[in-house]
Each structure stands twice: as C-alpha cells, then as structure tokens.
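Student: Could you take me through one part of this model closely? I would like to look at a pair of helices and how they meet.

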Amino acid sequence: MDMEEALNSTIHPTCLEEPPLAIDVIKQLDVFGVALYSMLTLMSTLSLLLYLEECVFIYRKVPSPKKTTIMWVNGAAPVIATMACFGMWIPRATMFTDMTSNSYFAVVVYKILVLMIEESGGSEAFLKNNAQKTFNISVGPCCCCCPCLPRVPVTRCMLFWLKLGALQYAILRTVLSILSIILWTNGNFDLSDLEITGTAIWINPFIGVLTIISLWPVAIMFMNICNTLRSIKIIPKYAMYQLVLVLSQLQTAIINILALDGTIACSPPFSSSARGTMLSQQLMIVEMFIVTLVTRALYRRTYDSLPTDPHETDNDQNSKISLQAPQGEHTV
C-alpha cells in the first residue's frame with residue numbers, strides 16, 4: 001500500500017485525469033506547437049476543399065448512379081482528416097469524431113464493392129458477362145489459407161450475399177458506435193477498462209469480427225474482376241482503400257494499445273491515453289492529406305463504359321444504318 005502511494009505521488013496529477021479542454025490545449029502551445037497545429041489544420045482544410053471541388057467535377061462529368069458512389073469513396077480520406085483535426089483541437093470530443101470517421105468508412109467498404117459492380121456495367125451487366133464463370137472465394141482476410149474451397153458460380157444469389165456481407169458492417173458499425181457513445185456518457189464505456197465486466201472488451205472484438213466479414217466479399221469481388229477493370233486503374237484505387245483501412249483502423253489500434261500499456265508517456269496536460277490519441281490524429285491528418293491527393297488524381301476523369309461484345313456492337317451499328325437509310329431516301 002505504501003508503495004502504491006509512493007508511486008502515485010510521483011505521477012503528475014494531470015496524467016490521471018480525463019483529456020484536457022480545448023482552451024487548455026491552446027494555452028500550453030509553444031511556438032513549435034502553434035506552427036504544428038496550424039500546418040495540420042491547413043492540411044485538413046485543404047483535404048476538405050479538394051474533396052468538395054472534386055465532388056463538383058464528378059457531379060458534372062460522371063453519369064449517375066456511379067457519381068454518388070465515387071463521391072462516397074473519394075470522401076474517406078478528407079472526412080477522416082477533418083474529424084482528426086477536430087479531435088486534435090478538442091480532445092474530449094474524440095469519441096464523437098471517431099464515431100463519425102468509423103461510421104463513414106464502414107459505408108465506404110460497401111461502396112467499394114458497389115463501385116466495382118457499377119464499373120462492370122451494373123448488376124445486370126455484371127451477371128450477364130460472368131454468367132458462365134465461377135469465382136474463387138479462397139481470398140483474405142477470412143479464407144486465404146483455405147485453397148481447397150470450391151469455386152462459386154456467379155449468380156444473382158451470390159451477388160446478393162456479397163452485397164449483404166459488406167452492407168452489414170455499414171449498419172452494425174454505426175449502431176455499435178452510437179451505443180458506445182451512449183454508454184460512454186453514462187460512464188460504462190472505457191477503452192482502458194479491460195475487465196471482463198467492461199463493455200469495451202465485448203463491443204470492440206465484435207466490431208473486429210464484423211470488419212473481417214465485410215472485407216471478405218470486397219476482396220472476393222476484387223480478386224476475380226481486377227483484370228477486367230485494369231484499364232480504369234481499379235488496382236491503385238483498391239490499394240488506396242486498403243491503405244485508408246490500415247491507417248485508420250490498424251494504426252490507431254496499435255497506438256491506443258501502446259498508450260494503454262504506458263509505452264507512450266504522459267505529457268501534461270495529456271494523459272498517456274489522451275497523448276496517444278493526439279499523436280494518432282496528427283499522423284492521420286498528414287497521411288489522409290497525401291491519400292486525398294493520390295485519390296484525386298485517380299478519380300479525376302470520366303470513365304468510358306467497358307468494351308461490349310463485338311457482335312452486339314455490329315448489330316447496333318447495322319440497326320442504326322438501317323434506320324438512317326430510309327430517312328436519307330426520304331430527304332432526297
């Protein structure tokens with residue numbers, strides 16, 4: 001008992017408190033801190049402005065419904081950067097900013113699947129072009145170690161299950177995020193509480209399972225049609241989506257674990273946990289700014305439809321000629 005009291009007496013009082021208020025963060029900034037916060041705020045603002053400009057371009061140049069899907073996918077990095085900036089300035093709002101970022105990205109996971117289907121011509125064209133094919137489902141993150149799994153024929157039922165697998169994450173992640181905030185306001189949700197009776201130890205692993213389940217159908221779709229969509233740069237687009245996933249989910253989780261373990265030291269007015277969150281947000285702003293620039297270059301163009309069957313093209317041209325011929329004779 002005396003040892004615990006001696007240990008607590010050597011710890012700065014703010015290291016045991018909740019995250020500081022925004023005004024406390026501003027007061028403790030030195031010249032370097034002001035420059036750093038200003039630069040990061042500028043980066044997040046530029047990310048958001050570039051995204052809004054990109055939305056205007058996509059709305060004018062890309063046909064519907066593909067433009068809505070591209071807007072959702074394009075907005076992942078700017079939204080995460082903007083929420084990280086809010087969380088950096090207002091540390092006590094981290095639960096709300098994280099909920100917004102996570103819920104938005106959960107929708108993006110589903111929209112990536114929808115984008116690949118729409119780039120294939122839509123659901124009907126996708127089913128028609130792949131009617132005689134089978135898909136390999138031995139892909140990550142669920143079944144990459146199971147090469148013995150049978151190939152699955154492309155049917156409307158299979159496409160429905162792929163969409164459902166990705167959509168469940170968008171719905172359940174948002175519901176669980178709202179539930180976490182409700183419990184947090186009542187003092188029942190604490191990331192540092194790893195006891196079996198705590199709610200975080202049950203909710204977070206369940207979210208992890210939902211994440212893995214949702215990534216599987218997206219990976220199945222990509223691995224089986226990436227060669228078909230190679231001309232529209234689907235591989236670097238998918239790589240950017242995977243990068244945002246790793247940075248926003250895995251990187252943040254690792255930093256939070258290091259903070260809870262005490263590896264990231266307390267620095268008044270930030271406790272170890274709050275400082276870990278702050279470092280994660282600062283890294284996220286820089287990373288998402290770079291991702292925003294790359295995705296802007298990848299998506300800033302209008303897409304031509306995929307090549308169709310040459311016999312169908314010839315029939316369409318012949319029909320047009322046959323329709324135009326009587327008109328020409330009539331005018332003569």
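Tutor: Happy to; here is the helix pair, followed by its setting in the chain and the confidence of the model.

This is a predicted model. The pair to look at is helix α10, residues 234-261, and helix α11, residues 272-299. Their axes come within 9 Å and cross at roughly 175°. Angles over 145 degrees count as roughly antiparallel, so α10 is roughly antiparallel to α11. As for what lines this contact, its residues divide into 14 nonpolar, 10 polar and two charged.

Now step back to the chain around the pair. The secondary structure comes to 12 helices and two strands, and from the N terminus the elements run α-α-α-α-α-α-α-β-β-α-α-α-α-α. Of the 332 residues, 42% count as buried. Among contacts with a separation of 6 or more, 75% are between residues 24 or more positions apart. The accessible surface is about 18,400 Å², and carbon and sulfur atoms hold 67% of that.

Finally, a word on confidence. The average pLDDT of the chain is 80, and 83% of the residues score at least 70. Helix α5 (residues 76-89) has the highest mean of the elements, 93, whereas helix α12 (residues 310-331) has the lowest, 44. Over residues 1-9 the pLDDT is below 50, and this stretch has zero contacts beyond near neighbours in sequence. Residues 305-332 also stay under 50, with six contacts beyond four places in sequence. Where pLDDT is low, the predicted coordinates should not be read in detail.

Conventions:
Residues numbered from 1 in each chain as written. Predicted model: local features only at pLDDT ≥ 70, side-chain atom pairs only at ≥ 80, totals over all residues. Heavy atoms only, no water. Axes fitted to C-alpha atoms, helices over the stretch in contact; angles between N-to-C directions. Helix = DSSP H or I, 4+ residues; strand = E, 2+ residues; numbered from the N terminus. Parallel < 35°, antiparallel > 145°, perpendicular 65-115°, else oblique. Nonpolar A, V, L, I, M, F, W, Y, C, P; charged D, E, K, R; others polar. pLDDT = per-residue confidence, 0-100. Contact = heavy atoms within 4.5 Å. Buried < 20%, exposed > 50% of the residue type's maximum accessible area, 1.4 Å probe, protein only. Areas by Shrake-Rupley, 256 points an atom, 1.4 Å probe, with all protein chains shown as cover.
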